[in-house]
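Visitor: Please take a close look at one helix and the sides that it turns inward and outward. Then set that helix beside other parts of the chain, in one connected account.

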Amino acid sequence: MQMWGWGPFNGQAVGTYRGGGSHYGDLYYHENNLVSGSLEALIHHLVPNVDYYPDRTYIFTFLLSSRLFLHPYELVSKVYHLCVEHQRLSDPHLRMRKMAPKIVQLLTEWTETFPYDFRDERTMRGLKELTHRITSGDELYRKAVHQMIQSLIRKLTALSQYEEALAKINATAADRLTVLKAKPQSIQRDILTICNDPFTLAQQLTHIELERLSYIGPEEFVQAFIQKGPLDNNKSRFSDRKKASNLEAYVEWFNRLSYLVATEICMPVKKKHRARVIEFFIDVARECFNIGNFNSLMAIISGMNMSPVSRLKKTWGKVKTAKFDILEHQMDPSSNFYNYRTALRGATQRSITAHTSREKIVIPFFSLLIKDIYFLNEGCANLLPNGHVNFEKFWELAKQVSEFMTWKQVECPFERDRKILQYLLTVPVFTEDALYLASYESEGPENNIEKDSWKSLRCVLEGRKSAASVGFSDNSMSDRN
């Protein structure tokens with residue numbers, strides 16, 4: 001099975017070959033491609049020496065997967081001791097001239113690609129100790145290390161600012177919920193009063209998607225499943241660091257957008273207005289498809305397919321659904337999302353040959369990407385029966401994650417509209433119960449099951465009102481205006 005003819009950042013055809021680490025005897029190759037090895041041998045294979053520098057694809061793959069077996073700070077420590085050993089064995093004059101730049105290059109690739117590893121003070125301390133060791137007495141290398149550390153600090157500072165911004169957005173949404181409970185009629189607006197141009201809204205959705213994608217570290221795809229592997233007997237070992245907080249925040253955004261779409265459709269009192277909102281979101285979804293923003297596209301479709309929306313038969317009767325049928329066909333889950341995967345390959349090819357920044361945009365349907373990686377992780381063992389790391393599995397994992405790395409580095413070419421962005425991120429949305437209640441109030445229950453459901457919901461929500469909670473969740477609105 002060929003899974004290594006790729007480059008994680010530039011798309012070049014590269015492969016892992018017998019290099020300086022192979023003489024440790026615990027690396028196994030098939031047709032000159034590394035397929036397994038002991039953890040120690042793989043670490044040796046990572047560390048440069050006077051005559052050897054590891055392939056860039058190997059560096060990415062090992063740094064991505066090694067966290068299943070040891071902490072990043074433990075890996076830094078092992079790299080440090082191997083560098084000390086290589087320096088001791090090499091000619092003193094060659095040591096600084098040949099070893100130092102290679103170690104600095106390795107550490108630069110690590111800090112650029114996996115900067116979040118260095119939020120852990122132990123990893124950062126190990127990095128500084130290692131760089132001090134290899135650059136001692138040489139001003140040129142000290143300058144290179146200083147630039148590397150400063151770039152790393154900028155990345156970590158940007159991450160902290162992003163997390164603070166997310167917390168502020170959530171706090172704003174919570175404040176609006178409080179105000180909305182007191183004066184629902186005075187402040188509640190709908191999407192068409194904020195933006196009535198589908199292309200503009202699709203552009204602003206793409207801003208949110210690309211920003212949130214950009215802060216997801218590649219390691220989060222591995223850390224999300226870190227307690228599902230054969231090393232699960234030591235769970236506490238990984239309990240002191242964030243697993244996948246940016247990845248989880250991105251999934252939460254998908255859910256919020258789906259509920260926002262459903263809320264906007266169920267909220268209007270008039271059938272004609274509801275139909276106009278549905279047609280508007282169909283056009284927004286189509287523009288998302290054209291841009292290459294498949295995640296917002298799927299979130300919009302999911303919102304329109306929620307039961308409280310789909311049951312509005314009279315409303316849908318006034319909607320021209322031909323365009324929606326085409327979009328649903330593109331995102332049809334049958335045959336393992338064959339149509340979507342075909343469209344994604346087309347968008348990816350367009351991105352590779354792009355002449356404009358807009359053509360570079362590829363935003364995958366994220367839940368499916370997570371599902372693919374999950375099944376890859378579950379379907380193949382991390383360790384082989386002889387105790388070796390199943391590196392063949394990790395080539396495939398790195399191939400999938402590296403493609404994502406290319407997508408997340410694209411800068412959004414569209415102009416930001418703060419008013420629209422603020423609305424999308426902070427406007428209150430209905431809970432599932434409130435959506436059903438709004439749906440029944442728009443188009444009454446059609447059978448006994450729906451009638452019972454409506455009565456039950458009204459009793460529950462009235463009870464919550466009496467308790468002064470009004471059924472609100474952190475991002476949700478339980479009572480209809």
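Guide: A residue is called buried under 20% relative accessible area, exposed over 50% and partly exposed in between, with a 1.4 Å probe and protein chains only. The model is predicted, so local features need pLDDT of at least 70 and side-chain atom pairs count only at pLDDT 80 or more, while totals for chains, interfaces and linings use all residues. Residues are numbered from 1 along each chain as its sequence is written, and side-chain values use heavy atoms, with hydrogens and water left out.

The helix chosen is α3, residues 72-89; helices (H or I, at least four residues) and strands (E, at least two) are DSSP runs, numbered from the N terminus. With 18 residues at 1.5 Å a residue, α3 should span 26 Å, and this agrees with the 26 Å between its end C-alpha atoms. The expected span is 1.5 Å times one less than the number of residues.

Which residues of α3 are buried? They are Pro72, Leu75, Val76, Val79, Leu82, Cys83, His86 and Gln87. These residues lie on the same side of α3 because they cover an arc of only 140 degrees around the axis, the arc being that of the directions from the helix axis to the C-beta atoms. His81, Arg88 and Leu89 are exposed on the other side of α3. The general background is that an α-helix has 3.6 residues a turn, so residues three or four places apart point the same way.

The protein chain as a whole contains 22 helices and 5 strands. Of its 481 residues, 53% are buried. The chain exposes about 22400 Å², with 50% of that supplied by carbon and sulfur atoms; areas come from the Shrake-Rupley method with a 1.4 Å probe, and for residues only the protein chains shown count as cover. Among contacts (heavy atoms within 4.5 Å) between residues at least 6 apart in sequence, 77% join residues at least 24 apart.

Two buried residues illustrate contacts between distant parts of the chain. Thr263 lies in helix α11, residues 245-266, and counts as buried because its relative accessibility is 1%. Its C-alpha atom is separated by 5.9 Å from that of Val429, although the two residues are 166 residues apart along the chain. Leaving aside residues up to four places away in sequence, Thr263 touches Val429, Phe430 and Leu435. The side chain of Thr263 also reaches the backbone nitrogen of Phe430 at 2.9 Å. Such a polar contact is a pair of N or O atoms within 3.5 Å; within protein, one must be able to donate a hydrogen and the other to accept it, and residues adjacent in sequence count only if both atoms are side-chain atoms.

Glu443 sits in the loop between α21 (432-442) and α22 (448-466). At 6% relative accessibility, Glu443 counts as buried. The C-alpha atoms of Glu443 and Cys266 are 9.9 Å apart, with 177 residues along the chain between their positions. With residues up to four places away in sequence left out, Glu443 touches Arg274, Arg311, Leu312, Lys313, Lys314 and Thr315. One of these partners, Lys313, has its backbone nitrogen reached by the Glu443 side chain at 3.2 Å.

Helix α20 (residues 418-426) has Ile420, Leu421, Tyr423, Leu424, Leu425 and Thr426 buried. At the start of α20, a side-chain oxygen of Asp417 comes to within 3.1 Å of the backbone nitrogen of Lys419. In helix α17 (residues 334-352) lies Phe337, whose phi is near 55 degrees, a positive value in a residue other than glycine. Phe337 is buried, with a relative accessible area of 10%.

Three strands form an open sheet in the order β1-β2-β3, with antiparallel pairing; strands pair if DSSP finds at least two bridges between them. The edge strands, β1 and β3, each pair on one side only. β1 and β2 pair over 4 bridges, with Leu27 opposite Gly37 and Tyr28 opposite Ser36. Another 2 bridges join β2 to β3 (residues 389-390), and here Ser36 stands opposite Asn390. All 5 of the 5 residues of β2 are buried, so β2 is largely enclosed by the rest of the structure. The hairpin of β1 and β2 has 2 residues between its strands, and Glu31 in the turn has a positive phi of about 50 degrees. Glu31 counts as exposed, at 57% relative accessibility.
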